[in-house]
Amino acid sequence: MARTTRRQIMLSGIAALAAPLISRGAEAQQVRHIVVTRANVAQPYMGLTFDDGPHPSLTPLLLDTLAMRGVRATFFLVGRNAARYPQIVQRIAAEGHEIGNHTWSHPSLLGWSDGGVLSEIDRTSDAIAAATGSPPALFRPPYGNFTQRQAMMLYEARGMPTILWSVDTLDWQRPGSGVIAHRMVQGATPGAVILAHDIQGPTVRAVPLALDGIEARGMHGAQVSELIGYPRWRAEGLRVASR
Ligand SMILES: [Zn+2]
């Protein structure tokens, strides 16, 4: 099946399932987020997400930058890397960033059995919990390769929503830090979920420049769970839209 077709299937699911973001009350509690590409949020908040780490030197460098700028991000960790660098995993959590599950060995999960999928995810959640004390709430499939049925299966089996992205920096092509920073800034619109990789040197070196541009647009970085209000709403730092 073509990638576009899969994405369209997922997007059709999102239209029905994703929540209006900064809404509160009982209806907001009942909304299920099963597949998310972006948040429906009017406020100037967006999410920077970094996949495939932790990397032994680049992830700490990125954490230094984020701490200096007071920005929180979301890290979708590969389980085998998390198991190898538990002290970095612990630091990511300790510094207020969100950690998501990005499978143990980074396979394309299309065509996998449900048991195989859950095994990749559970092993990763265990490694993250061993380092941080808590299992991650969010899942991102490698390459975005996950069917709507698999996303439903994961949500029902583990309560984990599948988080895709609305802006792809294509940083794995290593186009240079200036280009990556420009793509991040251009993509930084309310509710955007921006995909990048903290295992890429040019990406990590692009972040200070990107944050300059993002701040100049009046935008602020937030964790994905803050953007979508899952699994719990963290209201600090976010303002409710006037009605
Ligand atoms: Zn990945």
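Select helices α6 (114–132) and α7 (residues 148–158). Their axes lie 11 Å apart at an angle of about 60 degrees; axes are lines fitted to C-alpha atoms, for helices over the stretch in contact, and angles run from 0 to 180 degrees between N-to-C directions. The pair is therefore oblique, given that angles under 35 degrees count as roughly parallel, over 145 as roughly antiparallel, 65 to 115 as roughly perpendicular and the rest as oblique. The crossing of α6 and α7 is right-handed; this handedness applies if the near helix is turned clockwise from the far one by less than a right angle, and left-handed if anticlockwise. Now show side chains: D114, V117, L118, I121 and D122 of α6 make the contact with R149, Q150, M153, L154, A157 and R158 of α7. Contact means heavy atoms within 4.5 Å. Helices (H or I, at least four residues) and strands (E, at least two) are DSSP runs, numbered from the N terminus.

The model on screen is predicted: local features need pLDDT of at least 70, side-chain atom pairs count only at pLDDT 80 or more, and totals for chains, interfaces and linings use all residues. Residues are numbered from 1 along each chain as its sequence is written, and side-chain values use heavy atoms, with hydrogens and water left out.

**The loop between α6 and α7**

Move next to F139, which is found in the loop between α6 and α7. F139 counts as buried because its relative accessibility is 0%; buried means under 20% relative accessible area, exposed over 50%, and partly exposed in between (1.4 Å probe, protein chains only). Apart from neighbours within four places in sequence, F139 is in contact with F76, N101, T103, L109, I121, F146, L154, M160, P161, T162 and I163. Of these contacts, I121 also belongs to the α6 side of the helix pair and L154 to the α7 side. For a view along the chain, add I99: its C-alpha atom is separated by 9.4 Å from that of F139, although the two are 40 residues apart in sequence.

**The nonpolar cores**

Zoom out and select F50, F75 and M184. These have the most contacts inside the largest nonpolar core, a group of 37 residues. A nonpolar core is a set of buried Ala, Val, Leu, Ile, Met, Phe, Trp, Tyr and Cys residues joined through side-chain atoms within 4.5 Å. Two or more residues each come from β2 (45–51), α3 (58–69), β3 (74–77), α5 (86–94), α6 (114–132), α8 (177–187), β7 (193–197) and α9 (201–216). Helix α9 gives the largest share, 6 residues. Centre on F50 and display what it touches beyond four places in sequence: L62, A73, T74, F75, F76, M184, A196, H197, D198, T203 and V207. A second, separate core has 17 residues, among them L109, M153, W165 and L195.

**Helix α8 against α9**

Which residues of α8 are buried? They are I180, A181, M184, V185 and G187. Colour β2, β6 (167–168), β7 and α9, which are among the elements covering them. The axes of α8 and α9 are 8 Å apart, at an angle of about 45 degrees, which makes α8 oblique to α9. This crossing is right-handed. At the interface, S177, I180, A181, M184 and V185 in α8 meet P202, T203, R205, A206, V207, L209, A210, G213 and I214 in α9.

**Helix α3**

Turn to α3, whose 12 residues reach 17 Å from first C-alpha to last, close to the 16 Å expected at 1.5 Å a residue; the expected span is 1.5 Å times one less than the number of residues. Its buried residues are L58, T59, P60, L62, L63, T65 and L66, and their cover includes β2, β3, α5 and α9. Pick out T65 in this helix: T65 is buried because its relative accessible area is 12%. Beyond four places in sequence, T65 is in contact with V207, P208 and L211.

Bring in α5. Helices α3 and α5 pack at about 15 degrees, with axes 10 Å apart, and are therefore roughly parallel. Their crossing is left-handed. T59, P60, L63 and D64 of α3 meet I88, R91 and I92 of α5. Finally, step to G70, just after α3, where phi is positive at about 65 degrees.

**The whole chain**

Show everything once more: the protein chain comprises 10 helices and 8 strands. Of its 243 residues, 53% are buried.
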